[in-house]
Amino acid sequence: AASDVYKRQMQQWADEHGIDRIVLEVRSGNEPAIHLYRTCGFEKIGVRKNFYQFPREDADIMEWKRLC
């Protein structure tokens with residue numbers, strides 16, 4: 001599946017750059033992106049109220065952490 005490819009590529013990139021943690025914001029209503037991030041191991045850790053404008057919308061804060 002495409003999500004498996006993204007997951008492997010992200011892990012490889014993180015390994016190559018010594019990255020242990022990634023944090024991002026995504027529009028709360030962007031379900032396809034949220035689903036993709038979740039399949040890559042991201043978890044929702046918070047919300048930024050009214051983060052986006054035009055249209056005004058919250059942002060979900062998502063985090064990925066290296067497991068080992």
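This briefing walks through the sheet, the core and a few residues worth finding in the structure above. The model is predicted, so local features need pLDDT of at least 70 and side-chain atom pairs count only at pLDDT 80 or more, while totals for chains, interfaces and linings use all residues. Residues are numbered from 1 along each chain as its sequence is written, and side-chain values use heavy atoms, with hydrogens and water left out. A good place to begin is an open sheet of three strands in the order S1-S3-S2, together with a nonpolar core of eleven residues.

**The sheet**

- The three strands of the open sheet pair in antiparallel fashion; two strands count as paired if DSSP finds at least two bridges between them. Strands (E, at least two residues) and helices (H or I, at least four) are DSSP runs numbered from the N terminus.
- S1 and S2 are the edge strands, each with a single partner, so one side of each has no neighbour in the sheet.
- From one strand to the next, the twist averages 25 degrees. Such angles run from 0 to 180 degrees between N-to-C directions, with axes being lines fitted to C-alpha atoms (for helices, over the stretch in contact).
- Seven bridges link S1 and S3 in the antiparallel sense. Glu25 faces Ile61 in S3, and Arg27 has Ala59 of S3 as its bridge partner.
- Helix H2 lies across S1 and S3 and runs at about 165 degrees to S1.
- In a regular strand, side chains alternate between the two faces of the sheet. The covered face of S1 holds Ile22, Leu24 and Val26, and its uncovered face holds Arg21, Val23, Glu25 and Arg27.

**The nonpolar core**

- The largest nonpolar core consists of Met10, Ala14, Ile22, Leu24, Val26, Ala33, Ile34, Cys40, Phe42, Met62 and Trp64. A core of this kind is a set of buried Ala, Val, Leu, Ile, Met, Phe, Trp, Tyr and Cys residues joined through side-chain atoms within 4.5 Å.
- Helix H1 (2-17), strand S1 (21-27), helix H2 (31-39) and strand S3 (57-65) each give two or more residues to this core. S1 contributes the most, with three.
- Beyond four places in sequence, Val26 touches Ala33, Ile34, Tyr37, Tyr52, Asp58, Ala59, Asp60 and Met62; a contact here means heavy atoms within 4.5 Å.

**Two acidic residues in S3**

- Asp60 sits in strand S3 and is buried, with a relative accessible area of 7%. Buried means under 20% relative accessible area, exposed over 50% and partly exposed in between (1.4 Å probe, protein chains only).
- The side chain of Asp60 makes polar contacts with the side chains of Ser28 at 2.8 Å and Lys44 at 3.5 Å. A polar contact is a pair of N or O atoms within 3.5 Å; within protein, one must be able to donate a hydrogen and the other to accept it, and residues adjacent in sequence count only if both atoms are side-chain atoms.
- Asp58 also belongs to strand S3, and a polar atom of its side chain lies 2.8 Å from the backbone nitrogen of Asn50.

**Backbone features around S2**

- Asn50 is in strand S2 and has a positive phi of about 50 degrees, although it is not a glycine. With 42% relative accessibility, Asn50 counts as partly exposed.
- Phe54, in the loop between S2 and S3, also has a positive phi, near 60 degrees. Phe54 counts as exposed, at 77% relative accessibility.
- Phe54 and Pro55 are joined by a cis peptide bond, with omega about 0 degrees.

**Aromatic rings**

- There are two aromatic pairs, where rings of Phe, Tyr and Trp (its six-membered ring) pair if their centres lie within 6.5 Å, with planes under 30 degrees apart counted as stacked, over 60 as edge-to-face and the rest as tilted.
- Phe51 and Tyr52 have ring centres 5.0 Å apart and planes at 90 degrees, so this pair is edge-to-face.

**After S3**

- Arg66 lies in the segment that follows S3, and its side chain makes a polar contact of 2.4 Å with the side chain of Asp15.
- Arg66 and Gly41 are 25 residues apart in sequence, and their C-alpha atoms are 9.2 Å apart in space.
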